[in-house]
Amino acid sequence: VFGCSGKADLKTVSAIASFVRKNSFDIVHSHGYKSNIYAVLSNIRNKKPIVATCHNWIVTSGKMSVYTMLDKMFLKRFDAVVPVSASVREQLLTAGISKDRVFLIENGINISRFASSAGKEGLRSSLFKGGGTVIGTVGRLTVEKGHTYLLKAARKVLDKHGDCFFLIVGDGALRGALEEESLRLGISERVVFLGKRMDIPALLSAMDIFVLPSLTEGQPMALLEAMA
């Protein structure tokens, strides 16, 4: 773990470069725009092969647009770029990344983690009083994940089917705002915000319906896990 003071820290660049040299690593592998930038800058003298995994570009503000532009520029300096889906691959090629350096490796999961639904009923009863259909989602609570649309839909669903519960697993900067929205919509007694959890397979098995309300995704792990 490398500490970073502010948006750009030359000490961090130096620390990464020194760490790579000291340990004689063969490859530097980064994920995300900030990591990609630091990987390139710290590799100027080391000249190790550098690889980036590209999940998706999230443009929800002017600031993120700038970060995306910088990321596209820096990715051209990588020896290999790995998109996690065909759509992300097309984005990379459109951005001018050489197709000879783009290698598609789609996201995958270990499905054995999701083979058992033991304890499903006990978990459901601990979360909700009484029976009913459990509709849930898993993901960080940020704008691009679209939780506000799930809450608006929940209000409409509950108007027709009052025996439903909504389970939101994950945490993030929007948690307070989303909890307030559920109160404003009059559905707070039917919506449970669980925060960050490590027992995702068990929670998924407790759901009757999984919803992915995201506005943008590369190839979502949450969806693959729900399918499993």
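What volume does the second largest pocket have? In this predicted model, the figure comes out at about 210 Å³. Its wall is made up of Lys7, Ala8, Asp9, Leu10, Val13, Tyr33, Lys34, Ile37, Tyr38, Leu41, Tyr67 and Leu70. Three helices, H1, H2 and H3, each put two or more residues into that lining, and H2 gives the most, with 5 residues. Sorted by class, the lining holds 9 nonpolar and 3 charged residues, with no polar ones.

The largest pocket holds about 850 Å³ of space. It is lined by 35 residues, and the ones closest to its centre are His55, Arg140, Lys145, Glu217 and Met221. Two or more lining residues come from each of H2, E2, H3 and helix H9, which spans 221–227. Here H3 is the biggest giver, with 4 residues. The mix of classes in this lining runs to 14 nonpolar, 13 polar and 8 charged residues.

Now for the packing inside the protein. The largest nonpolar core counts 21 residues, and those touching the most other members are Cys54, Trp57, Leu75, Phe78, Val81, Leu92 and Ile97. Elements that supply two or more residues to this core are helix H1 (10–23), helix H2 (33–42), strand E2 (50–54), helix H3 (62–75) and helix H4 (86–94). Of these, H2 provides the largest share, 4 residues. H2 thus turns up again: it is also among the elements lining the largest pocket, and it leads in the lining of the second largest one.

Trp57 is a handy residue to look at within the core. Once neighbours within four places in sequence are set aside, Trp57 is in contact with Thr68, Asp71, Lys72, Leu75, Gln91, Leu92, Ala95 and Thr216. Two of the residues on that list, Leu75 and Leu92, are also named with Trp57 among the core members that touch the most others. Apart from this core lies another one, of 16 residues, including Phe114, Val169, Val192 and Leu194.

Last comes a polar residue, Asn46, which sits in the loop between H2 and E2. Asn46 has a relative accessible area of 14%, so it counts as buried, the cut-off being under 20%. Its side chain reaches the backbone oxygen of Ala17 at 3.1 Å. Beyond residues up to four places away in sequence, Asn46 touches Ala17, Val20 and Arg21. Ala17 therefore shows up both as a residue in contact with Asn46 and, through its backbone oxygen, as the partner of the Asn46 side chain, given that contact means heavy atoms within 4.5 Å.

Notes
Residues are numbered from 1 along each chain as its sequence is written. This is a predicted model: local features need pLDDT of at least 70, side-chain atom pairs count only at pLDDT 80 or more; totals for chains, interfaces and linings use all residues. Side-chain values use heavy atoms; hydrogens and water are left out. A nonpolar core is a set of buried Ala, Val, Leu, Ile, Met, Phe, Trp, Tyr and Cys residues joined through side-chain atoms within 4.5 Å. Buried means under 20% relative accessible area, exposed over 50%, partly exposed in between (1.4 Å probe, protein chains only). A polar contact is a pair of N or O atoms within 3.5 Å; within protein, one must be able to donate a hydrogen and the other to accept it, and residues adjacent in sequence count only if both atoms are side-chain atoms. On a 1 Å grid over the protein atoms alone, a cavity is a set of points where a 1.4 Å probe fits but cannot get out, and a pocket is an open set with protein on both sides within 12 Å along at least five of seven lines; lining residues have an atom within 4 Å of a point. Grid points are joined across faces, edges and corners, and a volume is the space filled by probe spheres set on the points. Ala, Val, Leu, Ile, Met, Phe, Trp, Tyr, Cys and Pro count as nonpolar, Asp, Glu, Lys and Arg as charged, and the others, Gly among them, as polar.
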